[in-house]
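Subject: A structure for you to explore

Hi there,

I have a structure to hand over to you. Please open it and keep it in view while you read the rest of this email.

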Amino acid sequence: MTSLLCIIVFSLTLAGSVSSQLTGTSTSYSVKVSADLGANATLPCRLPQESHSFFSVGIRVKWTKLADDEALNEDVLLSMGFHKKTYGSFEDRVYLQELDSDDASLVITDVSADDAGTYRCEIINGMVDTVQEIGLEVQSSLTDGVVFPHFPPLGRYSFNFDEAVQACLDQDAVVASFEHLFEAWKDGLDWCNAGWLDDGTVQYPITKPREPCGGANNGPGLRNYGKRDKYMSRFDVFCYATQLKGHFYWLTQPEKLNFHEAVQACSDDGAEIAKVGHMFAAWKLEGYDRCDAGWLADGSVRYPISRPRKNCSPTEAAVRFVGFPDKQEKLYGVYCFSPEP
């Protein structure tokens, strides 16, 4: 009888072992990924090597962004065969890489600061369940660039969205993102005119609340007009310029120049008349400082002050704006830019 009981126990143990191999094992990994603001990030997730033989066409993949409170976890993507669904702020912005049959890696496009955090990847195919957690760190590239407000000689609030995009490109810059403007605001940017951002919203940064700029009783922050009609609505634009790829400089001349003479003077010196983006990048990223007003390519006259002082910019480091004077007037010098060969 004892012998028979041992055989029965052994048989149940063996059956349980086989069942666990066929109906589910769980594998957990932990990795970290870094991405720059506005770039794409790939969060890796694959079936483990020893599980390839169990791979099923009916695989189910679920991606979740984790919160400290499980009840606040955010669904990112769900994939079941040909059916895929994305959720919330990730809608139409994430997809599975799917380089091969066992790859469930997630690609997040246009990474924002809010995307930082921990993600859970679950691969379920009825045979093997794989659970993997991936940390995403988002690095601000603002230390390599500068945000600046921009408007044309026509005056304030003249750009629709497409014109705003082109205006920034014309200044060797791109339309700033919300993250760029937010970081610039934290760094002290205060500007009381609304401008386009790259997501189609219109916002402006206020560090010193005052009545004409969203109200004196409202706290500091980004004033947000929300998304606006990209064709009909007209505003300024916030541009973002990165590290200079060339040499920005003041061209010493024996006398003042009008705009056309300024353009020619830079050309004669083997350079081009500098753009607004060049001046802001040189000022912010290189500490360029000069208390001389000079022509720029958009027809404006400005000068960059990194060391505030009397008669230049007594209270703050800034790019000072003189205006858009008559281009025939011989009142100013010129800033030039020589691109790297």
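Below are some notes on a sheet and on one arginine. Please bear in mind that this is a predicted model.

Let's begin with the sheet. It is open and has 3 strands, which run in the order β2-β7-β6 with antiparallel pairing. At the edges you will find β2 (41-43) and β6 (94-96), each of which has a pairing partner on one side only. From one strand to the next, the twist averages 25°.

If you would like to look at one pairing in detail, try β6 with β7. Strand β7 covers residues 106-108, and 3 bridges join it to β6 in the antiparallel sense. Within this pair, V94 sits opposite I108 of β7.

Now for the arginine, R223. You can find R223 in strand β14, which spans residues 221-227. Which side chain of opposite charge is nearest to R223? It is D190, at 7.8 Å. A salt bridge needs the charged atoms within 4 Å, and R223, although buried, has none.

What does the side chain of R223 reach instead? One partner is the backbone oxygen of G219, at 2.7 Å. Another is the backbone oxygen of C213, which lies 3.4 Å from a polar atom of the R223 side chain.

Leaving aside residues up to four places away in sequence, R223 also touches a set of residues that includes V202, Y204, I206, P209 and N218. C213 belongs to that set too, along with G214 and G215.

Enjoy looking around!

Best wishes

How values were computed. Residues numbered from 1 in each chain as written. Predicted model: local features only at pLDDT ≥ 70, side-chain atom pairs only at ≥ 80, totals over all residues. Heavy atoms only, no water. Pairing = 2+ DSSP bridges. Helix = DSSP H or I, 4+ residues; strand = E, 2+ residues; numbered from the N terminus. Axes fitted to C-alpha atoms, helices over the stretch in contact; angles between N-to-C directions. Buried < 20%, exposed > 50% of the residue type's maximum accessible area, 1.4 Å probe, protein only. Lys, Arg positive; Asp, Glu negative; His and termini not counted. Polar contact = N/O pair within 3.5 Å; in protein donor to acceptor, adjacent residues only side chain to side chain. Contact = heavy atoms within 4.5 Å.
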